[in-house]
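User: Please take a close look at a single part of this model. I want to know how its pieces are arranged and paired, with what surrounds it for context.

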Amino acid sequence: MSILRPYGDTTGDGMVQVSFTLPMANSKVAEGAAAQLAAKMGIDPALVVHAKAMGPDFTFFVVYGRVNHLVDTSQVEIVERDYPLLTPKEVNAAVKRALRRRLTIIGACIGSDAHTVGIDAILNIKGFAGEKGLEYYREIKVVNLGAQVLVPELVERARAEKADAVMVSQVVTQRDAHIHNTTTMSAAFREAYPTGQVPLLVVGGPRFDEGATGDLGVDKVFGRGTTPADVASYLVHALLPAPSERHERTAS
Ligand code: B12
């Protein structure tokens, strides 16, 4: 069945729970304002189940209620992985066969962002979700620049290392910092490199839209839950010739 309603207490009852903050002191009026907002969001009836002062001028709310909207799962648009998932051994073999040198990738958290846990999960040997990070791959050289790297510094280092791919992490989304920083980064690479020679630009973070590559000016966007194998397999897919072409090249 493609048409669904949310589930709260019983199947199909349409019940949801939302939370938000209003810039008002905690009071009965503030609770009424929260209920009014929820009604305008299509939650009816809306029950304010939690209200807590966040300092003198703000209140945090949790509202529980019924939405009238239906979800049509046949209309959902997602970005599917369109390349095979490879083991570290397969990735190493593919790189060795196609390049006859190691693949160099350079990673960083750019701008003021100091959230390195995500990119370290992908790059560091300790890895993520039971998978080892890209440092574990013999045929991949990882240069991890860490936190709060300035874009000009990243570009300069990428050139010095002759990086095949640049991996940027952005976790903070306040004032759309992740979008501004990423578009600044991709523009800087396009300006610094001749056309057709820009390294593969990859960005990741929990609040990116994976379908936004065009708007961000990057080759690939990875969201929450990404694992090192997803990324290593993508590098093989995007940077190396397809297996049949690889074979032809070796044969000729
Ligand atoms: C740990 C943490 C911190 C630590 C960071 C330590 C460190 N060395 O990273 C510290 C305490 C320093 C910190 C500071 C701040 N934090 Co903080 N932090 C968090 C927290 C709790 C967890 C983040 C995390 O580590 N997740 C685990 C990793 C594994 O997940 P991930 O980052 O999503 O990464 C995965 C994917 O997204 C993807 N990925 C990520 N990057 C990349 C890159 C590439 C190339 C690829 C392929 C994939 C990829 O792969 C990863 C594995 O699957 C989050 C809340 C939360 N629960 O998420 C808040 C959170 C991110 N922080 C927040 C804030 C506001 C801050 C501060 C501004 C707080 C303050 N007022 O000082 C500062 C900012 C510091 C700065 N200059 O950046 C907010 C951000 C809100 C927003 N809308 O932007 C959050 C969401 C908390 C909240 N709910 O308010 N924080």
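Analyst: Two strands count as paired if DSSP finds at least two bridges between them. Keep that in mind for the open sheet of this predicted model.

The sheet has three strands, in the order 2-4-3. Their pairing is antiparallel. Strand 2 (15–22) and strand 3 (43–53) stand at the edges. Each has a single partner strand, so one side of each lacks a neighbour in the sheet. From one strand to the next, the twist averages 20°.

Now the pairing of strand 3 with strand 4 (residues 59–67). Eight bridges link them, in the antiparallel sense. One contact to look up is Ala46, whose bridge partner in strand 4 is Gly65.

The sheet also has a helix across it. Helix 1 (residues 28–40) lies across strand 2, strand 3 and strand 4. Helix 1 runs at about 140° to strand 3.

For context, two other places. Helix 7 (residues 228–239) has twelve residues, which at 1.5 Å a residue should span 16 Å. The C-alpha atoms at its ends are 16 Å apart, in agreement. Nine of the twelve residues are buried, so helix 7 is largely enclosed by the rest of the structure. Among the buried ones are Pro228, Asp230, Tyr234 and Val236.

Then the ligand. Its cobalt atom has a single donor from the protein, NE2 of His115, 2.2 Å away. His115 sits in the loop between strand 6 (103–109) and helix 3 (117–123).

Notes. Residues numbered from 1 in each chain as written. Predicted model: local features only at pLDDT ≥ 70, side-chain atom pairs only at ≥ 80, totals over all residues. Heavy atoms only, no water. Donors = N, O, S within 2.8 Å, 3.2 Å for Na, K, Ca; no water. Helix = DSSP H or I, 4+ residues; strand = E, 2+ residues; numbered from the N terminus. Expected span 1.5 Å × (residues − 1). Buried < 20%, exposed > 50% of the residue type's maximum accessible area, 1.4 Å probe, protein only. Axes fitted to C-alpha atoms, helices over the stretch in contact; angles between N-to-C directions. Contact = heavy atoms within 4.5 Å.
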